[in-house]
Amino acid sequence: MTLTPWWHGAVLYHVYLRSFRDLDGDGYGDIAGLIDSLDHLESLSVDAIWLSPTTPSPDRDWGYDVSDYTNVHPQLGSLAQLDELIALARGKGMRVLLDLVPNHTSDRHPWFIDAQSSRDSAHRDYYMWADPRPDGSPPNNWLDDTGEPAWQWDGATGQYYFHNFLPEQPELNWRNPAVHREFDKIMDFWFDKGVAGFRIDVANGFYKDEALRDNPSNDERLPGVLYQPGKHGQQTVYNFNQPEVHQVYRDWRIRAEQRGAAGGEVPLLLGETWVLHPSQLADYYGNNDQLQLAFNFPLIFADFGAQTFASLIDETFAGIPQGACPIWAGSNHDLSRLGTRWAAGDIAKMRLIHTVLAMLPGAFGLYYGDELGMPDSDIPVGLQRDPLTLGGKNGSWPRDNARSPMRWDDSELGGFTTGKPWLPLHPDRSLNVAGQDADPFSTLNYIRSLLALRRQVHGGRLNRYRQLAATDTLFAYESGDARVYANFSDGIQTAHPVWTVALSTLGKPIAAAGAYELQPWEAIVALR
Ligand code: NOJ
């Protein structure tokens, strides 16, 4: 018998742990704080919690520079606390997903320290080393995420090593089978602990062009190559999205299914598939034999609009294999929050976006704070903590603006910490859990109703999707026993839901079947 995977219809709540809740008063959110806040997640019908990296790290990239893959960062807690979290969350029907960072390590990881010690070291080939060009310059023109050359000179051993992110994040060499074996062990370690799966960092980046060809500029068009403009004037054609990565996922999927066959639960492999085209996204599902979920970056990068959303949703369903599960999410810790990026701070638009995305079949990703309607913060350069985007380096957007600590009450520090918060809180004190909990018309209570309805309609299922309307101003679709109508305009529009209107973003009461007048930026869910 094939059991329906638990992530069909699931809500995945993304906790940026350092900003969630601090119980020990050091100003950084921690596992104990999350444990203390599980009731909040339960009230949102959450099925799984994805934690930003919990592993030890020198924190050049806040955990995305791992120095030990099988331990817990002391600032965040301990292995015992993580065990406790997994058990307590399970008791409330929630699973825990960790963030796995297989693309690179910290330069303080013992593998890299050894690799750097000599050309003959046991771990030298764990990383990507290359000789300079005859004039001593880097082997090719690749740029890192900050816009600087992606090759770091290592004077002691006379070679460059490669980094797509900071120089302190050397990239692993996935052409070396030993690296595969290391990650098999790491994944088993966590699965044996009851971790339900991984969000896989830089899932489209493990392999680079073997010939190290120069990337084309954004002005060039390479015949037969998808156009992928990058943010620093260069297309990332050869340092991301190489075909070899798909074999990694086929292998991991087999191992995941084997766990299921052995009587356990099949772990979830959820990719950070940072691609521009729906067809590339679909490639990561393979023939239903690679990742089970792949974040939909083509949608995340889309402009806000009824037709744009409708066509990207259509393209996603058309692209992924039959029976594959999409995941819909509008915010994460690297990008401007949907409340700012799409909704420009307008609460009506935020609710509309959540409604449109949350009622789609598949999985739904909710980023902490979005349930309160939190927009981006505007953190002054002097208080920014992210080395990758500090001070808007090379035109970057400061990611700290999407990482402001969660407010639990309306006090100055929001109940987040008793110490000095590592990042400033958003100045709007109304964006807090206790206050919104007490207000029946708050965004928090709206999102709770929406996600409860989602669970009723989609929980444990992968319903079919059918578009009903997609004009400049109206987007409507049907899935399972629900129809969604969203008014993307400042005018009133009539919708014909026929079915009973169970939920309105404006908090209007349940309405009988029939025609319905949608107010500006109102979205409704009607049930059969
Ligand atoms: C993607 C992560 O989401 C981001 O925060 C990080 O900086 C890069 N990968 C590098 O690990």
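**Domains, a helix pair and a few single residues**

Domain 1 and domain 3 bury about 2000 Å² between them, with 77% of that on carbon and sulfur atoms. Buried area here is the accessible area (1.4 Å probe) that two parts lose on being put together, summed over both. The size of an interface is often given in just this way, as the accessible area lost when the parts come together. The model is a predicted one, where local features need pLDDT of at least 70 and side-chain atom pairs count only at pLDDT 80 or more, while totals for chains, interfaces and linings use all residues. Residues are numbered from 1 along each chain as its sequence is written, and side-chain values use heavy atoms, with hydrogens and water left out.

The domain assignment splits the protein into domain 1 (11–102 + 177–207 + 242–456), domain 2 (110–162) and domain 3 (464–527); such bounds come from an automatic or database assignment. Taken over C-alpha atoms, the centres of domain 1 and domain 3 are 28 Å apart. Their contact (heavy atoms within 4.5 Å) takes 24 residues from domain 1 and 26 residues from domain 3.

Next comes a pair of helices. Helices (H or I, at least four residues) and strands (E, at least two) are DSSP runs, numbered from the N terminus. The axes of helix 5 (residues 177–192) and helix 6 (residues 245–261) come within 12 Å and cross at roughly 35 degrees. Those axes are lines fitted to C-alpha atoms, for helices over the stretch in contact, with angles running from 0 to 180 degrees between N-to-C directions. On the helix 5 side, the residues making the contact include His180, Phe183 and Met187, and on the helix 6 side they include Trp252 and Arg255.

Now for some single residues, sorted as buried (under 20% relative accessible area), exposed (over 50%) or partly exposed (in between), with a 1.4 Å probe and protein chains only. Asp370 sits in the loop between strand 11 (363–367) and helix 12 (433–438). Asp370 counts as buried because its relative accessibility is 3%, and its contacts beyond four places in sequence are Ser331, Arg337, Leu338, His354 and Thr443. Gln307, in helix 9 (residues 306–319), is partly exposed at 39%. Not counting residues up to four places away in sequence, Gln307 touches Ala470, Thr471 and Asp472.

Most residues other than glycine have a negative phi. Leu212 is not a glycine, yet has a positive phi of about 55 degrees; Asn288, also not a glycine, has one of about 60 degrees.
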